[in-house]
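Reader: I'm new to this one and would like to know how you justify the words you use for it. Can we go through it together?

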Amino acid sequence: MARFFVTGTDTDAGKTLISAALLFKARQQGLSTFGLKPVAAGCERHQGQWCNDDAKLLRYYSSQQHAYHVHNPIALPAAIAPHIAAAQQQQTLSVSQLLSVCQPSLAVEADFHLTEGAGGWLVPLNDGTQGTIETLADFAIRLDVPVVLVVGLKLGAINHALLTAQMLMAHQRSVVGWVANAIQPDMQVQTENIQFLRRWFAQNNIPCLGEVPHCAGIDAYDEQQLAKVAEALSLPADR
Ligand SMILES: Nc1ncnc2c1ncn2[C@@H]1O[C@H](COP(=O)(O)OP(=O)(O)OP(=O)(O)O)[C@@H](O)[C@H]1O
Ligand SMILES: C[C@H](N)[C@H](N)CCCCCC(=O)O
Ligand SMILES: [Mg+2]
């Protein structure tokens, strides 16, 4: 059973789209899959519970669809930084609480088990008023699974990518791949940006899992459309 944590250079880097495509690709290869979004900020009310689009998509591409909360234990209404969204609900998030509510999700046995973060690597879980500040990175470190880094290509993303990768290395994470994801339709000198990133990541022994082109208006539930993204990707190796 292979497990991964997907992080990104920023919110909207394409973590969910790439995660869905990896789950889809794994299923194409005959693997069972499970997708988890531990903390989602930005939800809609559906049949008495808060539901998030990322979690719904990861659930859709899981080979067995568990109850919604197994795919997304913490669902917060506001689409803002999770620690603030939690405070608006009179909640304080913590690593230990998250590990506890994620227990059923982490217990799911799947050949390809993927957890998507929220925003970037260092997004806070709380503001430290009840102790030391904890971030999603602290949670991912406790999961201790290999990390995939999605780079959302735009002006500024080189710096974001290098900062994130350096932090992952400082946190002694096994970074099993990065993805060059064209989130913009017409980024200037995109090829040159990718060329630089390829060289930097190669020098740090981090493989490129693929270059995903811009897919304007993609509907990730449409398997033909998602297959195009999946075709551009390789599945990460386990360690
Ligand atoms: N290669 C691409 N081509 C076209 N649109 C894309 C591409 N990658 C991502 N998008 C779109 O950009 C938006 C943000 O992507 P996505 O939701 O995957 O980001 P995210 O990193 O998961 O963000 P969050 O931090 O909110 O979880 C979505 O509407 C998605 O469909
Ligand atoms: C709401 C958004 N789409 C993400 N789920 C959360 C992004 C948090 C970013 C916090 C920050 O780094 O400033
Ligand atoms: Mg997402």
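**How do we know?**

Author: Let's start with the UniProt record, an unreviewed entry, which puts its "active site" annotation at Lys37. Keep in mind that the model we're looking at is predicted.

Reader: Where is lysine 37?

Author: Lysine 37 sits in the loop between strand S2 (33-36) and strand S3 (39-41).

Reader: What makes lysine 37 count as buried?

Author: The cut-off for buried is 20 or more other C-beta atoms within 10 Å. Lysine 37 has 28 C-beta neighbours inside 10 Å, so it counts as buried.

Reader: Which residues does lysine 37 touch, not counting residues up to four places away in sequence?

Author: Among them are Asn52, Asp54, His71 and Glu116. Two of those names, Asp54 and Glu116, come up again in the record: UniProt's "binding site" feature (unreviewed entry) includes Asp54 and Glu116, along with Asp12, Lys15, Leu17 and Gly117.

Reader: How do you know that the "binding site" residues gather at one spot?

Author: They span 108 residues in sequence, but no two of their C-alpha atoms are more than 13.4 Å apart, so they gather at one spot.

Reader: Why is leucine 17 called buried?

Author: Same kind of check: buried needs 20 or more other C-beta atoms within 10 Å. Leucine 17, in helix H1 (residues 15-28), has 22 C-beta neighbours inside 10 Å, so it is buried. Leaving aside neighbours within four places in sequence, leucine 17 is in contact with Ile218, Ala220 and Val229.

Reader: And glycine 117, buried or exposed?

Author: Buried, because 25 other C-beta atoms lie within 10 Å of glycine 117. Glycine 117 is in the loop between S7 and helix H7 (136-143), and it touches residues including Phe5, Val6 and Thr7.

Reader: Why is strand S1 said to be largely enclosed by the rest of the structure?

Author: S1 covers residues 2-8, and five of its seven residues are buried, so the strand is largely enclosed.

Reader: Which strands does S1 pair with?

Author: S1 runs parallel to strand S7 (residues 112-116), joined by five bridges; one partnership there is valine 6 with glutamate 116. S1 also pairs in the parallel sense with strand S8 (residues 147-152), over four bridges, and phenylalanine 5 stands opposite valine 147 in S8.

Reader: How many charged residues are in the shell around ligand 2?

Author: There are no charged residues in that shell, which has six nonpolar and four polar ones. Thr11, Ile80 and Val123 are among the residues surrounding ligand 2.

Terms used:
Residues are numbered from 1 along each chain as its sequence is written. Chains are lettered from A and ligands numbered from 1 in the order in which they are written. This is a predicted model: local features need pLDDT of at least 70, side-chain atom pairs count only at pLDDT 80 or more; totals for chains, interfaces and linings use all residues. A residue is near a molecule or strand if its C-beta atom, placed from the backbone, lies within 6 Å of it. Ala, Val, Leu, Ile, Met, Phe, Trp, Tyr, Cys and Pro count as nonpolar, Asp, Glu, Lys and Arg as charged, and the others, Gly among them, as polar. A residue is buried if 20 or more other C-beta atoms lie within 10 Å of its own, exposed if 12 or fewer, and partly exposed in between; C-beta atoms are placed from the backbone. Helices (H or I, at least four residues) and strands (E, at least two) are DSSP runs, numbered from the N terminus. Two strands pair if DSSP finds at least two bridges between them. UniProt positions are given in the numbering used here, feature names are shortened, and annotations may be inferred rather than shown by experiment. Two residues are in contact if their C-beta atoms, placed from the backbone, lie within 7 Å.
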